[in-house]
Amino acid sequence: MEFQVVDKKLADIQADIEIIFVIEKNLNHDWVKDKKELELLGFEGKSEEVALLPEKRRIYVGVDSLEHDEIRIAAAKTIKALQNKKFQSAKVGVYIQNCPVTNIKAFVEGVLLGKYSFDKYKKEPKKHAIKTIYIANEEYSNKPFTIENAKKSVIEAEKLAQTVNFVRDLVNTPPNEIYPAKLAEIAQDVAKKYELECNVLDEEDLAKEGMEAMLAVGRASVNKPRLIHLSYIPANKKATVVFVGKGLTYDSGGLSLKPSDYMVTMKADKSGACAAIGIIEAAKRLELPVEVHAILGAAENMVGGNAYKPDDIIKAKNGKTIEVLNTDAEGRLVLADALCYAQEKIKDIDYIFDIATLTGACVVALGEYTIGVMGENSDLKASILDAAKASGELAAELPFNRYLPKLLESKQADIANISSSRYGGAITAALFLKEFIEEKNIKKWVHLDIAGPAYVQKEWGYNPYGASGAGVRLAIKWLQKQFVFNKKHP
Ligand code: BES
Ligand code: ZN
Ligand code: ZN
């Protein structure tokens with residue numbers, strides 16, 4: 001499907017169907033040409049409400065406001081309503097709130113993200129007849145924008161949405177197909193396609209690096225762990241930013257085995273690593289002036305005669321000893337070593353983020369749709385929340401305090417891998433990771449727990465059943481806000 005920005009008014013564009021947004025239930029706007037028919041249908045123009053009038057060749061979609069995520073959701077609802085229909089082309093006007101290009105991007109993202117479905121394993125893929133969507137040089141309330149900026153925005157939104165959909169595909173792909181070595185191959189393919197550097201460490205390399213925690217987690221699986229390091233180093237770099245991703249291609253819980261119902265969906269425990277691949281891919285495709293590193297800790301948490309056990313004491317790469325009390329708290333062990341590796345090997349780090357489906361507790365705290373943001377730097381966390389809002393992703397802070405770290409104390413090792421309390425599990429997991437952040441990097445670090453939104457077993461907004469690609473749009477918006485946009489850009 002392609003988007004074409006054309007220098008014509010809506011009425012002068014030939015298309016099979018026109019897309020019209022009804023704002024704040026106001027059916028009296030002059031671009032709502034079918035008021036009577038809409039009233040007959042009981043269409044009120046509520047947010048997410050759709051009315052397709054095939055004989056009029058018009059489709060109406062309600063939006064509560066011109067806020068960008070309303071537009072994204074409305075665009076997704078539109079494209080879904082046109083699924084399995086025979087319309088081959090559509091036309092739409094431009095709906096500006098403040099910034100002239102924000103909603104053009106949001107519309108394109110909404111269409112492409114909303115159109116996505118994972119049907120690689122289906123005999124009958126979903127059908128979309130629409131080949132072209134024309135964006136007219138017509139703003140509903142005559143606000144100005146330039147065709148040139150509109151075209152640039154379309155391309156940017158296409159690159160971002162394509163990358164998010166690629167991440168969704170990776171996360172949705174089952175664990176019999178994607179295991180650590182396969183994830184490494186995929187990363188190498190991405191590196192080749194987009195001219196990134198890629199270095200892969202196998203079990204022997206991991207042993208040489210002293211990454212006993214990551215090796216312990218992966219030991220019982222026939223599919224051995226890999227550490228994958230992708231880098232994008234542009235000539236005009238303004239900073240160095242590292243994304244460390246949890247890449248559990250499967251999390252059975254290990255000997256602290258998950259109940260069957262909880263094990264299903266654990267193919268998505270690689271979502272952080274897949275998001276990091278997407279972030280570096282999008283950074284490159286958008287030519288962001290930032291050196292980006294993606295460090296992926298890929299392992300499979302399984303049971304077996306040589307499985308790591310509750311009671312084991314293992315040593316992480318930085319020499320700290322960890323008493324394993326629950327083998328299902330494995331993500332933090334993999335991330336501990338991956339974070340140490342990143343800080344040892346990458347010079348002059350300005351920011352270091354880890355992104356992980358780390359805890360069920362985060363989902364309990366914030367619900368399924370929201371990313372948990374944790375760290376020691378309030379300004380940095382605030383900038384992340386700000387970027388989340390501008391990207392359309394939901395994020396909220398979970399605060400540290402002086403009492404929670406005590407819950408991770410171990411009698412016989414430097415730290416335990418689970419808290420002694422059943423409460424506050426998302427935060428204590430983050431505090432565990434903090435133990436593996438060097439003092440000089442503490443204020444440069446933020447932990448993103450994507451356990452909720454990474455994989456949801458129902459459709460929500462422009463997200464499908466299954467993987468959403470959580471974290472990618474947030475991170476790219478953050479990079480753009482820090483290093484590309486000027487202060488005035490929203
Ligand atoms: N991968 C899970 C966390 C998770 C849960 C992600 C639900 C997505 C949805 C993680 O490895 C895990 O099992 N965490 C345990 C930690 C506990 C043993 C302290 C959890 O959340 O129950
Ligand atoms: Zn687990
Ligand atoms: Zn896990």
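## Two zinc ions sharing a residue

In this predicted model, aspartate 251 forms a bridge between two zinc ions, ligand 3 and ligand 2. The two ions lie 3.2 Å apart, with aspartate 251 coordinating both. That shared residue is a good place to begin looking around the site.

## The zinc ion called ligand 3

Which protein residues hold the zinc ion (ligand 3)? Its protein donors are Lys246, through NZ, together with Asp251 and Asp269, each through OD, and Glu330, through OE. These donors lie 2.0 to 2.4 Å from the ion. If you follow the chain, the spacing of the donors reads K-x4-D-x17-D-x60-E.

The site of this zinc ion (ligand 3) has six donor atoms and is octahedral, with angles of 77 to 174° among them. As a yardstick, ideal angles for six octahedral donors are 90 or 180 degrees.

## The zinc ion called ligand 2

Turn now to the other ion. The zinc ion (ligand 2) is coordinated by Asp251 (OD) and Glu330 (OE), and by Asp328 through both O and OD. The distances here run from 2.0 to 2.2 Å. Along the chain, the donors follow the spacing D-x76-D-x1-E.

Is the site of the zinc ion (ligand 2) octahedral or irregular? With angles of 72 to 168° among its six donor atoms, the site is irregular.

## Ligand 1 and its surroundings

Next comes ligand 1, which has 15 residues around it. The closest are Lys258, Asp269, Asp328, Glu330 and Gly360. Some of these names will be familiar: Asp269 is also a donor of the zinc ion (ligand 3), and Asp328 is a donor of the zinc ion (ligand 2). Sorted by class, the shell around ligand 1 holds seven charged, four polar and four nonpolar residues.

Where does ligand 1 sit? The space it takes is the largest pocket.

## Polar contacts of ligand 1

Several acidic side chains reach oxygen atoms of ligand 1. For aspartate 328, an N or O atom of the side chain is 2.8 Å from a ligand oxygen. The side chain of glutamate 330 places an N or O atom 2.9 Å from an oxygen of ligand 1. Aspartate 251, the bridging residue, also has a polar side-chain atom 2.9 Å from a ligand 1 oxygen. How much of ligand 1 does the protein bury? On its own, ligand 1 exposes 510 Å², and the protein buries 73% of that.

Note on methods: Residues are numbered from 1 along each chain as its sequence is written. Chains are lettered from A and ligands numbered from 1 in the order in which they are written. This is a predicted model: local features need pLDDT of at least 70, side-chain atom pairs count only at pLDDT 80 or more; totals for chains, interfaces and linings use all residues. Side-chain values use heavy atoms; hydrogens and water are left out. A residue is near a molecule or strand if one of its heavy atoms lies within 4 Å of it. A polar contact is a pair of N or O atoms within 3.5 Å; within protein, one must be able to donate a hydrogen and the other to accept it, and residues adjacent in sequence count only if both atoms are side-chain atoms. Accessible areas come from the Shrake-Rupley method with a 1.4 Å probe; for residues, only the protein chains shown count as cover. On a 1 Å grid over the protein atoms alone, a cavity is a set of points where a 1.4 Å probe fits but cannot get out, and a pocket is an open set with protein on both sides within 12 Å along at least five of seven lines; lining residues have an atom within 4 Å of a point. A molecule sits in a cavity or pocket if more than half of its atoms lie within 2 Å of its grid points. Ala, Val, Leu, Ile, Met, Phe, Trp, Tyr, Cys and Pro count as nonpolar, Asp, Glu, Lys and Arg as charged, and the others, Gly among them, as polar. Donors are N, O and S atoms within 2.8 Å of the metal (3.2 Å for Na, K and Ca); water is not among the atoms, so sites may look incomplete. Four donors count as tetrahedral if all angles lie between 85 and 135 degrees; four count as square planar and six as octahedral if opposite donors are over 155 degrees apart and all others between 65 and 115; anything else is irregular.
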